[in-house]
Amino acid sequence: MWETLRKEEVLRKLETDLKHGLTREEVSKRGQKYGKNKLKDKPKESVFIKFIKQFNDFMIIILIMASVISAVISSIQGENDYIDSIIIIAIVVLNAIMGVVQEAKAEKSIEALQEMTPPKAKVIRDGETNEINADDVVPGDIVILEAGNYVPADSRIVESFNLKIEESSLTGETEPVLKEADKICKPNVALRRYE
């Protein structure tokens, strides 16, 4: 919606000032109203679901089928020798357990890294430039982007000079895209590269 409005309209509707930003009181009110600037975490899968997903591999399915075929042939021949089948199933189950353990360790490592180095954002509040955690950005904050910064939130550009944004995670485009403050999009335009 904001991309369809002139920048002056955006500032007016968000009740913010380009030079002074929001006041501390207004930031507190908006923080309570809108919450953290953070995507909701997807629900964690149970250990059982993670374990079952370990069997979703072509080679694992082939091994299970080989185990069943080996057991059926042994039963048909009347040998009652199921050692091969038991060994194959044991290896498959052990492999699944190791996969779940490794996945759990990787998730814990990623969570620890995210907590150690939260993304930062530069904002103007009460006329001063402050560096804050990106999840503390609220609607109406004036965010300052510099070379190499991550864009901390959905934003409307109000001033820019040779601003190029790398959007590969959104659009698949490998080249940075030039962004202009005066560009106004038509309503309901699909996310794509603008020339």
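Strands here are DSSP runs of E of at least two residues, numbered from the N terminus, and two strands pair if DSSP finds at least two bridges between them. The model is predicted. This briefing covers an open sheet of three strands and a lysine, K38, in a loop between two helices.

**The sheet as a whole**
- The strand order is β2-β1-β3, and the pairing is antiparallel.
- β2 (128–133) and β3 (142–144) are the edge strands, each pairing on one side only.
- On average, and with direction ignored, neighbouring strands of this sheet are turned by 40 degrees against each other.
- In general, strands of a sheet pair through backbone hydrogen bonds, either parallel or antiparallel.

**β1 with β2**
- Strand β1 covers residues 120–125 and forms six bridges with β2, in the antiparallel sense.
- I124 has T129 of β2 opposite it.
- The hairpin of β1 and β2 has two residues between the strands, and within this hairpin D126 takes a positive phi near 55 degrees.

**β1 with β3**
- The pairing of β1 and β3 is also antiparallel and runs over three bridges.
- Here K122 stands opposite I144, a residue of β3.

**K38 and its loop**
- K38 lies in the loop that runs between α2 (24–34) and α3 (47–53).
- The relative accessibility of K38 is 57%; exposed means over 50%, so K38 counts as exposed.
- K38 and A90 are 52 residues apart along the chain, and their C-alpha atoms are separated by 43 Å.

Notes
Residues are numbered from 1 along each chain as its sequence is written. This is a predicted model: local features need pLDDT of at least 70, side-chain atom pairs count only at pLDDT 80 or more; totals for chains, interfaces and linings use all residues. Side-chain values use heavy atoms; hydrogens and water are left out. Helices (H or I, at least four residues) and strands (E, at least two) are DSSP runs, numbered from the N terminus. Axes are lines fitted to C-alpha atoms, for helices over the stretch in contact, and angles run from 0 to 180 degrees between N-to-C directions. Buried means under 20% relative accessible area, exposed over 50%, partly exposed in between (1.4 Å probe, protein chains only).
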